[in-house]
Amino acid sequence: MLQLTDNDYMQKTLTNPNAGFGATAVFMTAISTILGAILFLRFGYALANVGLGGLLAIIIIGHVVTVPTALAVAEIATNQRVQGGGAYYIISRSFGLNIGGAIGLALYLSQAISVAFYIIAFGEAFDPLIPYLPFEVDPLIFKKMVTLVLMTILSVVVILRGANIGMKALYAVVALLFVSILFFLMGQPVTEGIELSFNNTVSNGDGFFMVFTIIFPAFTGIAAGLGLSGDLKDPKKAIPKGTLLATLVGMVIYVIVAFKMALSATPEMMQEDQLIMARISVWGPIIPVGLAAACLSSAIGSLLVAPRTLQAIGFDDILSFDHFNNWIAKGREADNEPVNGSIITIVIAFFFIIIGDVNFVAEIISMFFMITYGFICLISFLEHFAADPSYRPTFKYNKWYFSLIGAVLSFWLMFQMKWTYAALASVSMAVTYYIITKANPDRQGLEKLFKGVVFQLSRQIQIFVQRANKDDQEAHWRPFAICVTEDSFKRQAAFDLLRWVCYKHGFGTYIHFIKGFLNKETYDESQMALKRLINQSEGSKSRLYLDTIISPSYTSAIAQVIQLSGISGKGNNLILFEFSRSNPESLKHALDNYQLFDATGFDVCLLNSSYKGFGYKNEIHVWIGAHDFRNANLMILLAYIISGHPEWRNAVIKIFATFPDSQVEKQRKRLLGLIQEGRLPISLGNVVFLPMGGGETAQKVVMKHSSDADLAIVGFSPEAVKENPELVIDYGDMSNILFVNASQKKDI
């Protein structure tokens with residue numbers, strides 16, 4: 001295992017000890033990305049291909065994603081101390097480190113690739129200068145050389161000076177950016193006679209979602225501002241103010257620029273000249289200068305943010321390599337600057353600068369940012385819905401449906417923009433999540449946030465069910481079963497039967513009984529027992545709710561549990577007891593408390609378990625006798641329900657009807673009628689009628705015909721069993737037998 005020195009522990013942190021930035025730094029970082037390369041290079045292209053109406057729709061749809069995200073970010077950031085890592089920190093602390101790590105790696109790659117995107121766009125600003133060069137040169141080679149030189153200079157500056165020098169440069173760059181936009185708005189149309197039109201486009205232009213994919217990175221500036229969270233003096237104030245202001249200002253400027261451009265040039269002009277804004281501006285050269293400034297500021301912002309995201313990922317030990325995690329988490333001693341993360345980011349940026357172009361890189365960035373924004377909105381929605389008392393943001397907008405719309409729209413747009421990229425991104429994130437979870441199985445994943453949502457859903461459903469059924473009787477019976485036993489770790493037959501009965505059609509509660517008074521010792525014993533039951537349940541893939549109860553007597557324990565409402569919210573209607581055929585002592589618990597079940601209308605099942613268990617789970621025999629008027633339908637229903645479990649998928653149900661000779665024909669017509677109507681999923685050949693003679697007892701008949709059955713279901717009368725318990729005990733070497741007594745006749 002890697003050993004860390006005291007100095008390493010001091011440096012492995014997510015905050016800058018000299019943090020002093022405020023809301024202005026967040027605003028500058030965000031607005032420089034929002035009003036960046038897309039505005040100068042691709043806005044004319046978008047207007048030419050989808051028209052003013054389409055471009056306004058793109059702006060609106062884009063902000064329907066980014067505005068809820070900005071609100072969600074502002075809210076989440078005021079609920080917790082947002083340390084370094086920005087959006088990754090927010091997601092990982094809400095969704096858990098495993099899924100947060102998967103999203104964080106995707107976010108980091110998009111931020112690192114963004115550096116290349118803005119540097120490539122910076123090279124486009126040199127297009128107007130190429131004709132004036134004193135020597136001939138290939139434009140592509142010249143712009144490639146410019147981008148590589150600039151990337152080299154920025155790399156040296158960021159590694160040596162870090163966030164401080166970057167932020168100082170950012171202020172000057174943003175000022176130049178606003179000046180260039182102002183010059184453009186003051187300019188004149190390229191040609192006279194242009195009328196405002198919302199649908200004027202070039203012929204055979206690119207589709208709406210293709211254009212949206214290329215334009216969307218313009219709206220992703222809010223993540224850039226978040227990335228400085230570890231360098232902010234007060235993130236709870238700086239992030240909401242800076243993020244919301246940048247989002248609002250950017251949206252207003254985009255709408256104004258769209259109208260100005262639509263009134264100043266034709267679609268054909270905008271399609272042919274990607275720097276059409278220079279021809280409209282009061283002073284043309286200011287536009288390439290503004291483009292260069294915008295690209296430079298955005299590149300600086302991304303180059304500052306991406307390493308901090310990677311540093312936070314290393315800090316959380318997300319990757320499977322301890323040495324590498326500690327290497328990228330380690331910051332410079334003086335200011336915690338993520339130098340190692342910056343080196344990796346620079347390498348990735350150089351790679352994409354060499355092989356990429358603006359549109360290709362824009363598509364990749366859009367996809368990963370859309371995933372990130374979707375998850376941020378989803379977090380906000382789930383936090384609202386979960387109603388966790390620990391979620392107490394000081395900034396509240398309380399409109400959960402904004403976040404829901406933002407999340408749904410983000411994930412929908414992913415597949416509309418480029419479904420192949422969306423599918424690839426989703427699969428890669430799923431694989432990453434699986435790898436991280438396998439490496440860190442002890443960490444929480446999606447359940448960290450969803451458990452609150454599940455709690456609220458179950459609460460609302462239980463209340464609804466209780467109110468909806470307050471005056472109605474259940475039309476069709478389904479099992480709401482409960483089992484109380486002190487033999488949980490001696491025999492498993494009751495646990496298995498209950499999980500089969502409640503696998504699909506009902507709800508089951510399995511309670512382990514501990515005799516004694518509630519104190520520290522018995523409470524600790526109950527918690528240990530519950531953990532054992534949960535482990536047992538996971539191994540069997542059961543769907544039972546597990547619990548324990550401490551009580552001085554079995555009677556008091558039963559009196560308590562039969563009054564429980566149960567996890568369904570409707571109460572329980574069936575209780576299961578289990579006893580061993582070789583040691584039927586537990587049978588006494590059921591018989592001694594029968595008046596309680598009779599008073600509360602419970603159906604009662606007694607499971608006689610033997611050393612043969614449930615055999616091969618191939619045959620279920622249902623025995624219906626002359627005295628089973630109330631029990632018969634419940635016995636048949638239980639056989640059908642049990643056979644629906646995957647472990648009994650090959651089971652055959654056989655019905656044995658034992659009636660006096662005078663009743664056989666009548667009962668035959670009744671049962672065969674139910675089968676023909678489709679009410680019983682049993683073939684006619686599996687119904688056997690056995691007239692009862694005077695010399696044979698019911699027990700002997702059952703043992704004779706069901707000796708090889710894997711489960712026999714037999715009716716019983718509590719009065720008869722109290723007088724003679726052997727009626728449910730003495731069954732020789734048969735497999736397990738379930739005895740059933742229904743409180744009233746069931747409808748099948």
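This short talk walks through one predicted protein model, from the whole chain down to single residues.

Good morning. Let's start with the whole chain. It has 748 residues, and 55% of them count as buried. The chain holds 29 helices and 10 strands. Now look at the contacts with a separation of 6 or more. Residues 24 or more positions apart account for 84% of those.

How far does the predictor trust this model? The average pLDDT over the chain is 81. At least 70 is reached by 85% of the residues. One stretch to treat with care is residues 1-12. There, pLDDT stays under 50. The model still gives that stretch 17 contacts beyond four places in sequence.

Next, a helix. Find α2, at residues 23-34. How long should a helix of 12 residues be? At 1.5 Å a residue, α2 should span 16 Å. Its end C-alpha atoms are 16 Å apart, so the model agrees with the expected span. α2 is also mostly covered, with 10 of its 12 residues buried. Among the buried ones are Ala 25, Val 26, Phe 27 and Met 28. Ile 31 and Ile 34 are on that list too. So are the polar names Ser 32 and Thr 33, both buried.

Now to charged side chains. A general point comes before the examples. Side chains of opposite charge can pair when their charged atoms come close. How many salt bridges does the structure hold? It holds 10. I will show you three of them.

Here is one. Asp 273 and Arg 279 meet through their side chains, at 3.9 Å from N to O. The cut-off for a salt bridge is 4 Å, so a pair at 3.9 Å counts. Are these two residues buried or exposed? Neither label fits. Asp 273 has a relative accessible area of 23%, so it is partly exposed. Arg 279 is partly exposed as well, at 45%.

Here is another. Move to the loop between β1, residues 480-485, and α21, residues 493-501. Asp 487 sits in that loop. Its side chain forms a salt bridge with Arg 491, at 2.8 Å from N to O. The two side chains also make a polar contact, listed at 2.8 Å. Is Asp 487 buried or exposed? Its relative accessibility is 7%, so Asp 487 counts as buried. Arg 491 stands at 22%, so Arg 491 counts as partly exposed. The cut-off for buried is under 20%, which is why 22% does not qualify. What else does Asp 487 touch? Leave out residues up to four places away in sequence. Then Asp 487 touches Glu 578 and Ser 586.

The last of my three is in helix α21. Asp 496 and Arg 499 form a salt bridge at 2.9 Å, N to O. How far apart are they along the helix? They are 3 residues apart, so about one helical turn separates them. Both ends of this bridge are buried. Asp 496 has 13% relative accessibility. Arg 499 has 7%. One more point on salt bridges takes us back to Asp 487. Bridges that share partners join Asp 487, Lys 490, Arg 491 and Glu 578 into one network.

What about disulfides? A search of the whole structure finds 0. Two cysteines are worth a glance anyway. Cys 377 is buried, at 0% relative accessible area. Cys 502 is buried too, at 2%.

Stay with Arg 499 for a moment. Ser 537 is 38 residues away from Arg 499 in sequence. In space, their C-alpha atoms are 9.2 Å apart. Ser 537 belongs to helix α22, residues 520-540. Its relative accessibility is 10%, so Ser 537 counts as buried. Which residues does Ser 537 touch, beyond four places in sequence? They are Phe 495, Ser 542 and Leu 546.

One last stop, in helix α20. That helix covers residues 447-468, and Val 454 is in it. Is Val 454 buried or exposed? Its relative accessible area is 52%, so Val 454 is exposed. Now find Ala 386. It is 68 residues from Val 454 along the chain. Their C-alpha atoms are separated by 7.8 Å.

That is the tour. Thank you.

How values were computed
Residues are numbered from 1 along each chain as its sequence is written. This is a predicted model: local features need pLDDT of at least 70, side-chain atom pairs count only at pLDDT 80 or more; totals for chains, interfaces and linings use all residues. Side-chain values use heavy atoms; hydrogens and water are left out. pLDDT is the predictor's confidence in each residue, from 0 to 100. Contact means heavy atoms within 4.5 Å. Helices (H or I, at least four residues) and strands (E, at least two) are DSSP runs, numbered from the N terminus. A polar contact is a pair of N or O atoms within 3.5 Å; within protein, one must be able to donate a hydrogen and the other to accept it, and residues adjacent in sequence count only if both atoms are side-chain atoms. Buried means under 20% relative accessible area, exposed over 50%, partly exposed in between (1.4 Å probe, protein chains only). A disulfide is a pair of cysteine sulfur atoms within 2.5 Å. The expected span of a helix is 1.5 Å times one less than its number of residues.
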